[in-house]
Amino acid sequence: MSIEENLLRIKSTIPANVSLIAVSKTHPADVVMEAYNAGQRVFGENKVQELVGKASEMPDDIEWHMIGHLQSNKVKYIAPFVSLIHGVDSFKLLKVIDKEAAKNNRIIPCLLQVHIASEETKFGFSPEELKLALQTGEHHQYKNVDIRGLMGMATFTEDESVIRSEFKMLKLLFNELKDSYFKDAVSFREVSMGMSDDYQIAIEEGTTMVRVGSAIFGLRHYT
Ligand SMILES: *Cc1c(COP(=O)(O)O)cnc(C)c1O
């Protein structure tokens, strides 16, 4: 199957109200262009250097999403152009994004990453930590970030019931926060969950964004 065929097949299974982020990490720009030429305009990368490189090589009408762990000292490289930062896992990082966004006269859309998996290694706020952080109201002072919603990654497992319950939990948390801390924030409306192996479950559980890599571009070869 070609990249174009993969993309069209996946798009046909995604409802119109769910956006598809094509995760292009590790694939060179000429390969990623096949998806662009098939109509895809939203791409996700998980490393700053790779993101900046591809953004400079590829057309300007692409929306670039940073989906990986972001270090504070690297925010400045993506602040001029990034469309959405999915992995905001501390208010310290949010503060840096706000500062760099202001320098660029921008408001940068962000998602707060929540740790929903059972693995220790995945980044993100625990649901309790996130509520405590929001309770402080600190985020209200950051005028150059726009908190659009939540992002999460399920446990790496074949057990669908585990994945489903983690996605359910994230969606419930989203609804709870929406009704409390983001009542008047119309832009707080996104949930980013679901990857190649579990995006269909995520759609059933009410995601608004899926991040799909290998199902479009094939397996990644790490060197
Ligand atoms: C790599 C990656 C994806 C896509 O993974 P696939 O299994 O290839 O679809 C999605 N989200 C994040 C955060 C990733 O790092």
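## Exercises on a predicted model

Glu45 sits buried, at a relative accessible area of 0%. Keep in mind that this is a predicted model.

**Exercise 1.** Find the salt-bridge partner of Glu45 and work out whether that partner is buried or exposed.

*Solution.* Start at Glu45 and look for its partner: Lys54, with the closest N and O atoms 2.7 Å apart. Next, check the cover on Lys54: its relative accessibility is 4%. Buried means under 20%, so Lys54 counts as buried. Glu45, at 0%, is buried as well. Now zoom out: the whole structure holds eleven salt bridges. Another one of them links the side chains of Glu100 and Lys103, at 3.2 Å from N to O.

**Exercise 2.** Work out which side chains offer polar atoms to oxygen atoms of the ligand, and how much of the ligand the protein buries.

*Solution.* First list the surroundings, which include Val23, Lys25, Ile67, Met151, Ser196, Ser214 and Arg220. Sort that shell by class and you get six nonpolar, three polar and three charged residues. Then go through the polar atoms. The side chain of Ser196 has an N or O atom 2.5 Å from a ligand oxygen, and Arg220 places a polar side-chain atom 2.7 Å from one. Ser214 joins in through its backbone instead, with a polar atom 2.8 Å from a ligand oxygen. Last, the cover: on its own the ligand exposes 390 Å², and the protein buries 92% of that.

**Exercise 3.** Place Leu150 and Met151 in their nonpolar cores.

*Solution.* Leu150 belongs to the largest core, of 65 residues, and is among the members touching the most others. Its contacts beyond four places in sequence include Leu111, Leu130, Phe174 and Phe188. Met151 falls in another core, apart from that one, with six residues, including Ile21, Leu84 and Met209.

How values were computed: Residues are numbered from 1 along each chain as its sequence is written. This is a predicted model: local features need pLDDT of at least 70, side-chain atom pairs count only at pLDDT 80 or more; totals for chains, interfaces and linings use all residues. Side-chain values use heavy atoms; hydrogens and water are left out. A residue is near a molecule or strand if one of its heavy atoms lies within 4 Å of it. A polar contact is a pair of N or O atoms within 3.5 Å; within protein, one must be able to donate a hydrogen and the other to accept it, and residues adjacent in sequence count only if both atoms are side-chain atoms. Accessible areas come from the Shrake-Rupley method with a 1.4 Å probe; for residues, only the protein chains shown count as cover. Ala, Val, Leu, Ile, Met, Phe, Trp, Tyr, Cys and Pro count as nonpolar, Asp, Glu, Lys and Arg as charged, and the others, Gly among them, as polar. A nonpolar core is a set of buried Ala, Val, Leu, Ile, Met, Phe, Trp, Tyr and Cys residues joined through side-chain atoms within 4.5 Å. Buried means under 20% relative accessible area, exposed over 50%, partly exposed in between (1.4 Å probe, protein chains only). Contact means heavy atoms within 4.5 Å. A salt bridge is a side-chain nitrogen of Lys or Arg within 4 Å of a carboxyl oxygen of Asp or Glu.
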